[in-house]
Protein chains: 2
Amino acid sequence: MPDTTPAAPPADTTPADTTPADTPPADTTRADTTLADFRASIDNIDAALVFLLAERFKVTQKVGAYKAAAGLPAADPAREKEQVFRLRTLAMSARLDPEFSEKFLRFIIDEVIRHHAGQQV
Amino acid sequence: MPDTTPAAPPADTTPADTTPADTPPADTTRADTTLADFRASIDNIDAALVFLLAERFKVTQKVGAYKAAAGLPAADPAREKEQVFRLRTLAMSARLDPEFSEKFLRFIIDEVIRHHAGQQV
């Protein structure tokens, strides 16, 4: 005897009132992925910057101790002038705003001076 | 016939009044070498920082263009909070002052915002 039982609806049939709440529009999904990719690169670069800065401060701490022991002045305007010129040149070759590279160096040097001042107190 | 001409003074004989002006004291020479070595390391690290910053700005420029095209707001306080927390944690693992890592991130983010503002004008 043939099976005359009505077939159950196929499993992939969806009710008419299904909303796309659990499947966001394709544009939004792509947006999040693109932004997340950019941010992952920024996070990698920032980690590298932090570790390099840590290494830089290790060297400037040695310079500070050395200068104090040798009786040399902490600040060296001629050296700073050379650093600014060199970094501006490097920034241009990297297509980074040279003004920013100079501001950046001043920011770092100010922090170094602040650290040294803290050590002397 | 033997040569009885008086020999010329040896070339390395120096007059009694020679001053050490062209041969600085050993301490000074060592001092300069030590400082020059430290500074060479600082210069290498600074070059790496500049090239990394150039790369970071390339990514943030893409983020800026992407956000503008997608109609997303330029600032994202939740994201910045995550970045600060992450960088402070990394700084501690690198024995870098976490306060400085936060100031550094703010300095960079301010520059990014300044750049984006400039692009929008």
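## Polar contacts and salt bridges

Between chain B and chain A, 10 residue pairs are in polar contact, both residues at pLDDT 80 or more. A polar contact is a pair of N or O atoms within 3.5 Å; within protein, one must be able to donate a hydrogen and the other to accept it, and residues adjacent in sequence count only if both atoms are side-chain atoms. This is a predicted model: local features need pLDDT of at least 70, side-chain atom pairs count only at pLDDT 80 or more, and totals for chains, interfaces and linings use all residues. Residues are numbered from 1 along each chain as its sequence is written, chains are lettered from A and ligands numbered from 1 in the order in which they are written, and side-chain values use heavy atoms, leaving out hydrogens and water.

The interface of chain B and chain A also holds 11 salt bridges. Each pairs a side-chain nitrogen of Lys or Arg with a carboxyl oxygen of Asp or Glu within 4 Å. B:Arg79 and A:Asp43 form a salt bridge through their side chains, at 3.1 Å from N to O.

## What chain B brings

Three elements of chain B each give two or more residues to the side that touches chain A: helix H1 (26-70), helix H2 (77-93) and helix H3 (98-120). Helices are DSSP runs (H or I, at least four residues), numbered from the N terminus. H1(B) supplies the largest share, 30 residues. By type, this side of chain B has 28 nonpolar, seven polar and 16 charged residues.

## Extent of the interface

Chain B and chain A each put 51 residues into the contact (heavy atoms within 4.5 Å). The area buried between them is about 4,800 Å², and carbon and sulfur atoms give 76% of that. Buried area here is the accessible area (1.4 Å probe) that two parts lose on being put together, summed over both.

## Symmetry

How does chain B lie on chain A? A turn of 180° and a shift of 0.0 Å along the axis lay chain B on chain A with an RMSD of 0.0 Å. The two copies are thus related as by a two-fold rotation axis. The superposition is by least squares on C-alpha atoms of residues with pLDDT of at least 70 in both copies.

B:Leu49 comes closest to the axis among the residues of chain B, at 3.2 Å (C-alpha). Of the interface residues of chain B, 100% are also interface residues in chain A, so the copies meet through the same surface.

## A buried serine

B:Ser101 lies in helix H3 of chain B. B:Ser101 is buried (under 20% relative accessible area, 1.4 Å probe, protein chains only), at 2%. A polar atom of the B:Ser101 side chain lies 2.7 Å from the backbone oxygen of B:Pro98.

Terms used. Ala, Val, Leu, Ile, Met, Phe, Trp, Tyr, Cys and Pro count as nonpolar, Asp, Glu, Lys and Arg as charged, and the others, Gly among them, as polar. Buried means under 20% relative accessible area, exposed over 50%, partly exposed in between (1.4 Å probe, protein chains only).
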